[in-house]
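Trainee: Could you take me through one part of this structure closely? I'd like to hear about the charged side chains and where they sit.

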Amino acid sequence: MEELDVEPPLTLIPGVDSNRRHMCFDWGPGEMLVCETLFTKGGHAEKGPGCPNIFIVRKDQDVYSQILRKLFNESHGIFVGLQRSEEEMTGKSRKAQLVRVSKNYRSVIRACMEDMHQVAISTRDPELHYQYSTQVSILSAMELIWNLCEILFVEVAPAGHLLLHLLDWVRLHVCDVDTMVHEVLSSENPSKHKDFWNTVDIFVLQGRMDDARHLLAKEASANPTSVGMCKILDDLMKKMPVLSLGNTQTLTEMELKWQHWHEECQRYLQDGTFASNPHMESICKILLGDENAILEKKEIMTTWYHFLVTRLVYSHPTVKPVELRFYAQSSLDLFLGGESSPEPLDTILMAAFEFEIHQVIKECSIALSNWWFVAHLTDLLDHCKLLQSHNLYFGSNMREFLLLEYASGLFSHHSLWQLGVDYFDHCPEYGKVYLELHIERIPLNTEQKALKVLRICEQRQMQDQVRSICKIMAMKAVRNNRLGSALSWSIRAKDAAFATLISDRFLKDYCERGSFSDLDLIDNLGPSMLLSDRLTFLGKYREFHRLYGETRFSEAAKLLLMLMTARIAPCSFWMTLLIDALPLLEQKEVIFSAEQTYELMRCLEDLTAGKTDNQKHQGDDIETTKVEILRLALARNLARAIVKEGTLEGS
C-alpha cells in the first residue's frame, strides 16, 4: 500500500446509508486493519461516550489463541527437523521417516484438540463455549483430512493394505462408539439394552469382528433360542479372510479365500438361517456387502466416508488406490441420496480420494481459518516429491507460497514471530525478501528484543536491517539520555556520523559535570574508536585521564600534546585540554620539555588568535583569567625546562 502525504479521500461503502454511518480504515501495528465506525442521527454525529467505535480486524486471529500456540510451537520443531534431515535418508528409510513426521504432526493436532475440548467443557460463558467447540470441530476435521492424506500420499498403501489403513482411519475418527459400548456393557443385562444391536452393528460396520463376537456371546448366553444362530454368525465372523500387514499371502490368494467365505455367507442367508432374527439377518446382509442393508445403518455411521469404507470391506477388500475415486463418488451420492449437498469437508475428502492433491490444498485454504494446516501439509507432500511440477503464476511454487503466508501471519504476534523466521529461512526464492520486510515492522520495545532481532539479522547478513535497528535503538537511547547505550548501538551500526554526535554529547557532559559516565564502555572501545575522529578523541582523552590517575604523568603529557598537535581534538575543546595540562605544568618535577611547552604555547596562541577583538570584549572574565593563568604556568614551566635541560647538557 502506497503511503500518501495527504489524507485519503472518503470512501463510501455500497449499501451503507451515508447519513447514518461513516466508515474509515487504516493499517494498525502487526498486520491489523483498524475500522472506525461513526454512527450518526439525522446527519449529526452522536456526542456520547464510546463514539466513534473502533473495531480491529486481524489477518490471522488464530495466532492469538493460547491453546493453538501449542500447535504452532510444537509443529515448528517438527518442520525444522524435516528440513534438516532432507538429504539424510533415501528409499524405504526415507518413506518411514516421512510417515513418522506425518504422525508427529497429527499427534500435535490431537493434543491441541483435547486441550481445547477440556477448555470448552470447563468454561461457563456460552459464547466462549461455542468458540471453543467450533475450534474443536475444526481441529478434528484437520486431523481427519491429514490422516487420509497420510494414507494415500505419504504411506502410499498398496491394494489390500490400503483398506486396513482406511479402517483404522474410520475407527480413529468415530468418537461415540466407545461411549456406547461402555453404556451397554455396564448395564445389568447388556443384550436387553436399547443400544445393544446398534453396538454390534457398529462393530461389524467398522470390521471389528472380535468385538462384535464378544457381544454376540452376551446374546447367546442370555437367549437360549438364539444360541444356534449366534454360533453360526460367530463362525462366519471368525472365518472372514483379513489381509494383515505382516501377512505374506498374495492378493489372488486373498481374493479366492474371500470369495469362498462370501459364498458361505450367501448360502446361510438364502437358507433362511437368520430369518427369525432380523438383527442377525441384517448383519449377514452387511457381511455380503448389501448396499441397502448397509445404508439402513446410516444413522449409526453418520458419514458417507464411513459408508465407503464399510462398503469396501464387504464388497471389494482388495481395492486398488486408483479405484477409490469411483467408489468414493458413488458412496457419497448414495449416502446423501440427493437430500443435501456436500459440505466443504466432503469436497476436500473427495478430492483426496480422487488423488487431486492440489485441489485438496486449494479447498483446505478456503475452508480452514488459518494457514497452518495447508503450509505444513504442502511442505510434507513436497518432501514426498508430489508437488514438483506445480508452479504458481508469479514464479514461486505452492509450498513456498503457503509457507510465506503462514510465516507472515506469525509475524503479527509479539512472540511467535521468532518461529516465522525459520519458515522464511526455508523458502529459497522469496524467503529472505519477506524476512527483510517483516523484520523491519517488529516493534523494538526493549533492548533484549532488539538484540534478539539484531542477532537474527546478523546471522543472515542483512546489513541494511542491522544498521536500521541499531540507529533506531541509538535514537531511543539518546532521547532517554542513555549515552552509553546510544554509543554502543551506533558503534554496532558502524554509523560514523551518529558516533560523532554521541561523542560530542559525552564531551559536553564532561565539560558540564567534570566526569565521564559509562566509563566501562569508553575504556573498552578498542578498535571501535577508529570509527570516527571524534570517537577516537573521546577514547584517547579518557586514556589521558586514566594515565593521569595512575600518576604516569610523562605518558599523559605526551598523549595530551598529541591530541592537540595532531588536530584530533575539536578546536572547541582545546581550552579544556590546556586547563587539563595545568596540574602537569605545576608539578614539582618538570613534565613538559621546552619543545613541548612551546607547542602548548602555540596552541594557546592559535586558540586566542582565532577570536576577533569584538569576541574578546564579549568574553567573560573567567575565560580571560584562564588564559592568563595558562600563559603564566607555561612561562614558568618553560623556564624550568630550559634550566633543567641546560643543566643536563652542562653535566
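Mentor: Happily; here is a walk through the charged side chains, starting with the chain as a whole.

This is a predicted model, in which local features need pLDDT of at least 70 and side-chain atom pairs count only at pLDDT 80 or more, while totals for chains, interfaces and linings use all residues. Residues are numbered from 1 along each chain as its sequence is written, and side-chain values use heavy atoms, with hydrogens and water left out.

The chain holds 31 helices and four strands; these are DSSP runs, H or I of at least four residues for helices and E of at least two for strands, numbered from the N terminus. Of its 651 residues, 45% are buried (under 20% relative accessible area, with exposed over 50% and partly exposed in between, using a 1.4 Å probe and protein chains only).

Now to the charges. The whole structure has 27 salt bridges, each a side-chain nitrogen of Lys or Arg within 4 Å of a carboxyl oxygen of Asp or Glu. One of them joins Arg-106 to Glu-150, with the closest N and O atoms 2.9 Å apart. Arg-106 belongs to helix α2 (residues 91-122) and Glu-150 to helix α3 (residues 126-155), so this pair ties together parts 44 residues apart in sequence. Both Arg-106 and Glu-150 are buried, and they belong to a salt-bridge network with Lys-103, Arg-110 and Glu-143.

Compare that with Glu-605 and Arg-631, whose salt bridge has its closest N and O atoms 3.3 Å apart. Because Glu-605 is in helix α29 (residues 594-609) and Arg-631 in helix α31 (residues 621-650), the pair ties together parts 26 residues apart in sequence. Here Glu-605 is partly exposed, at 38% relative accessible area, and Arg-631 is partly exposed too, at 34%.

A third pair, Glu-543 and Lys-540, meets at 3.6 Å, N to O. Both lie within helix α26 (residues 533-549), three residues apart, about one turn of the helix.

Finally, look at Glu-400 in helix α18 (residues 398-410). Glu-400 is buried yet has no salt bridge, and the nearest side chain of opposite charge, Arg-399, is 5.1 Å away (Lys and Arg count as positive, Asp and Glu as negative; His and the chain ends are not counted). A polar atom of the Glu-400 side chain does lie 3.2 Å from the backbone nitrogen of Glu-429. Beyond neighbours within four places in sequence, Glu-400 is in contact (heavy atoms within 4.5 Å) with Cys-427, Pro-428, Glu-429, Tyr-430 and Gly-431.

Conventions
A polar contact is a pair of N or O atoms within 3.5 Å; within protein, one must be able to donate a hydrogen and the other to accept it, and residues adjacent in sequence count only if both atoms are side-chain atoms.
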